[in-house]
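Work through the exercises below with the sequence and the model side by side. Try each task before you read its solution.

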Amino acid sequence: MKLNQLFNNVPAIEISGLAMDSRKVKKGDMYFCLEGLVNDGHTFAASAVANGAICVIHSKDLEKMPQGAVYIKVKDVNAVLNEVASRFYGEPSKHLRMYGITGTNGKSTIANIIRYLYSHHAPCGYIGTIAISYGKVKKAPDLTTPDPIVIHSTLAAMVKDGMKACALEVSSHGLELGRVQSVDFDVAIFTNLTHDHLDFHGTLERYFAAKEKLFTHLKADGLAVINVDDPNGEKIVEHCKARVVTYGIEKDADYRADHIHIDVNGTRFTLIHDGKEYELTTNLAAMYNIYNLLGAIAALDQTDMTLDEILPWVSSIEQIEGRMERIHEGQPFNVIVDFAHTPDGMEKIMQYGRAITEEGHKITAVFGSAGKRDTKKRPIFGELADQYCDMIVLTEDDPRDEDPHEIADEIRSGIKHTKSIFIANRYDAIRQAIESANEGDTVLILGKGDEVFMYRENGRSPWMGDHIAARECIRHYYFQENEENS
């Protein structure tokens, strides 16, 4: 694309790519001097030009810059980055049905339910915590909500690959840092808001304000799908100028679930919508997943699909890796891997664990808490595990440069009655919980889900994923030990 197609009164030079990191600049790129949380991109402008950038977008004065590049000073580099990224890649979000999902918990699950159900209508892509995936492409993401260059280049690839829609997880960080300003969302879905990310936002009020941006910026002919059982959902309904539909269980809503029966293998419930009742059976289990399913059904029914098209597929929704993933390797006890890493998420999965575990059998939870993140929730984790579990195995969970043992001690401050042990190595902690399980017990492995990395002091290192570790420990240790003892 020519530079003069993006800006007025500039040379008609060819721009071959966009970059925010001076180290990744290639010849012919346009470099954006973004001010980050740690580094200021203006500092590296000269390096970007030395690496081949032929245009630099900046908001601060630049001194002693190399010749041979075009320098464009703007008021807001991030706003320009969003606009340029969208235009450079052909405004791909306008060619897709865009579903944006935000909330503390449930983003990945709703996004993947939407992708699965929509795929029975037309091809649908997904961008979020679990992966960037479309067609036969599946790759690991760096962030839940990537930067504008990654978002729009990915959406352009989806359009080229024949996708007709995309489900995009929208994090509070992504909203606060302006990563989705130029995404043309057709539908915005709110799941819930509970304690999380206070290390970044400071207060729940600021956290909510970040989430609400997805709805206050939604186009007038867009659709907001709101969980009205969450008090914050009602606030969004009041402030949103787009069309609103609601979902819930406890309060009257446009899409409501009633007569809910949950067991270890799934759920039966009655969907009530527009004065009609639909009897549903889904392989999704746990109450919070009924909320997730309701949100997805509402979004799809109000856009490109009908209930008659949607409902036949809710009984066989694809397993979402690391989200309420039931691990079956023939063992006589329950093993569940879940990404739960907030107090609300932990409590809900523990409540489900208690619901499926018969009296006389024990619940063991394996978890930790991330280093250099919201520390206030650590004792809350301990209190919740103390309330619902019979055994607690504390371990590492992205400790970064904190001591996992000290993190565990902070969690322990909330534990008053339940026995707990600390095993630093996460694999060994999972192995201990599984080897100690008896018939009818439940093992909950929480916090990492399907993530295949661990953040330690020296950065990101490989981790096999809780789901893989659990399967391996069941096959190699639980059954082997029982064979040796028989």
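The exercises cover a helix residue, two helices, aromatic pairs, charges over rings and a set of strands.

This is a predicted model: local features need pLDDT of at least 70, side-chain atom pairs count only at pLDDT 80 or more, and totals for chains, interfaces and linings use all residues. Residues are numbered from 1 along each chain as its sequence is written, and side-chain values use heavy atoms, with hydrogens and water left out.

**Exercise 1. Place N292**

Task: find the helix that holds N292, decide whether N292 is buried or exposed, and list its contacts.

Solution.
- Step 1. N292 belongs to helix α9, residues 287–301. Helices are DSSP runs of H or I with at least four residues, strands are runs of E with at least two, and both are numbered from the N terminus.
- Step 2. The relative accessible area of N292 is 5%, so N292 is buried. The cut-offs are under 20% for buried, over 50% for exposed and partly exposed in between, with a 1.4 Å probe and protein chains only.
- Step 3. The side chains of N292 and N289 make a polar contact of 3.1 Å. Such a contact is a pair of N or O atoms within 3.5 Å; within protein, one must be able to donate a hydrogen and the other to accept it, and residues adjacent in sequence count only if both atoms are side-chain atoms.
- Step 4. Set aside neighbours within four places in sequence. N292 then contacts G106, T109, I110 and I113, where contact means heavy atoms within 4.5 Å.

**Exercise 2. Check two helices**

Task: compare the span of α9 with the expected value, then do this for α3.

Solution.
- Step 1. The expected span is 1.5 Å times one less than the number of residues.
- Step 2. α9 has 15 residues and should span 21 Å; its end C-alpha atoms are 21 Å apart, which agrees.
- Step 3. α3 has 12 residues and reaches 16 Å, close to the 16 Å expected.
- Step 4. Now look at burial. In α9, 14 of the 15 residues are buried, so the rest of the structure largely encloses this helix. In α3, 11 of the 12 are buried, including T109, I110 and I113.

**Exercise 3. Sort the aromatic pairs**

Task: how many aromatic pairs are there?

Solution.
- Step 1. Rings of Phe, Tyr and Trp (its six-membered ring) pair if their centres lie within 6.5 Å; planes under 30 degrees apart are stacked, over 60 edge-to-face, the rest tilted.
- Step 2. The count is 5. One of them is F88 with Y89, edge-to-face at 5.0 Å and 80°.
- Step 3. F88 is buried at 16%, whereas Y89 is partly exposed at 24%.
- Step 4. Y99 and Y118 also pair edge-to-face, at 6.1 Å and 70°. Y99 lies in strand β5 and Y118 in helix α3, so the pair ties together parts 19 residues apart in sequence.
- Step 5. Y99 is buried at 0%; Y118 is buried at 2%.

**Exercise 4. Find charges over rings**

Task: which ring lies under the charged end of R460?

Solution.
- Step 1. The test is NZ of Lys or CZ of Arg within 6 Å of the ring centre and within 35 degrees of the ring normal.
- Step 2. R460 sits over F453, 3.9 Å from the ring centre. K235 sits over F208, at 5.4 Å.

**Exercise 5. Read strand β2**

Task: which strands pair with β2?

Solution.
- Step 1. Pairing needs at least two DSSP bridges.
- Step 2. β1 and β2 are parallel over 3 bridges, with L18 partnered by M30.
- Step 3. β2 and β3 are parallel over 3 bridges; F32 stands opposite I57.
- Step 4. In a regular strand, side chains alternate between the two faces of the sheet. In β2, D29 and Y31 are on one side, M30 and F32 on the other, and all are buried.
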